[in-house]
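Here are some short exercises to work through with the model open beside you. Try each task before reading its solution.

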Amino acid sequence: MKFTNENTLMERLGIEITEVRKDGTCIATMPVDERTRQPFGYLHGGASVALAETVASLGAASLVDLETQAVFGQEINANHIRSKKDGIVTAIATVTHQGKSSMVYEIKLEDEEGKLICISRCTIAVVTQRK
């Protein structure tokens, strides 16, 4: 699967894709720094959700024919479990439902010690590419 993060939200937030597996699992990292913190100095929940939807979308994209289909986040929720002020978070997205028109992903964000920071579920729509 070929994609670019140049001039995207991924680039702005420092999201780096580390692995996309054949089973649709996607793993990425994101720094907790001035780009991803909220005004009180902690990881912004919105940045966590952006990371979660990114890995779910890229995982889903790896499971479809991008010549004829496209994937879009349709619904996402997140439970923010633990705060974080600096360092790196790693997101691991795994597909729990793979249908013809939708997929459901579970995404776990963990810190460097494997502690759960956020857990999210994202529904991905699979649609026919517009010509």
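**Exercise 1.** Decide whether Cys 118 is buried or exposed in this predicted model.

*Solution.* Start with the relative accessible area of Cys 118, which is 1%. The cut-off for buried is under 20%, so Cys 118 is buried.

**Exercise 2.** Find out how many disulfides the whole structure has, and work out why Cys 26 is or is not bonded to the closest cysteine sulfur.

*Solution.* Step one: a disulfide needs two cysteine sulfur atoms within 2.5 Å. Step two: from the sulfur of Cys 26, the closest cysteine sulfur belongs to Cys 122 and lies 12 Å away, so the pair is too far apart for a bond. Step three: turn to Cys 118, whose nearest cysteine sulfur is also that of Cys 122, at 12 Å, and which is in no disulfide. Searching the whole structure gives 0 disulfides. While you are there, note that Cys 26 has 0% relative accessibility and therefore counts as buried.

**Exercise 3.** Describe the largest pocket: what is its volume, which residues line it, and which element gives the most to the lining?

*Solution.* Begin with the space inside, about 180 Å³. Next, pick out the lining residues, among them Glu 53, Leu 58, Leu 66, Phe 72 and Gln 129. Then assign them to elements: α2 (45-61) and β3 (69-80) are the ones that give two or more residues to this lining. Of the elements, β3 gives the most, with 5 residues. Finally, sort the lining by class, and you get 6 nonpolar, 4 polar and 1 charged residues.

Technical notes: Residues are numbered from 1 along each chain as its sequence is written. This is a predicted model: local features need pLDDT of at least 70, side-chain atom pairs count only at pLDDT 80 or more; totals for chains, interfaces and linings use all residues. Side-chain values use heavy atoms; hydrogens and water are left out. On a 1 Å grid over the protein atoms alone, a cavity is a set of points where a 1.4 Å probe fits but cannot get out, and a pocket is an open set with protein on both sides within 12 Å along at least five of seven lines; lining residues have an atom within 4 Å of a point. Grid points are joined across faces, edges and corners, and a volume is the space filled by probe spheres set on the points. Helices (H or I, at least four residues) and strands (E, at least two) are DSSP runs, numbered from the N terminus. Ala, Val, Leu, Ile, Met, Phe, Trp, Tyr, Cys and Pro count as nonpolar, Asp, Glu, Lys and Arg as charged, and the others, Gly among them, as polar. Buried means under 20% relative accessible area, exposed over 50%, partly exposed in between (1.4 Å probe, protein chains only).
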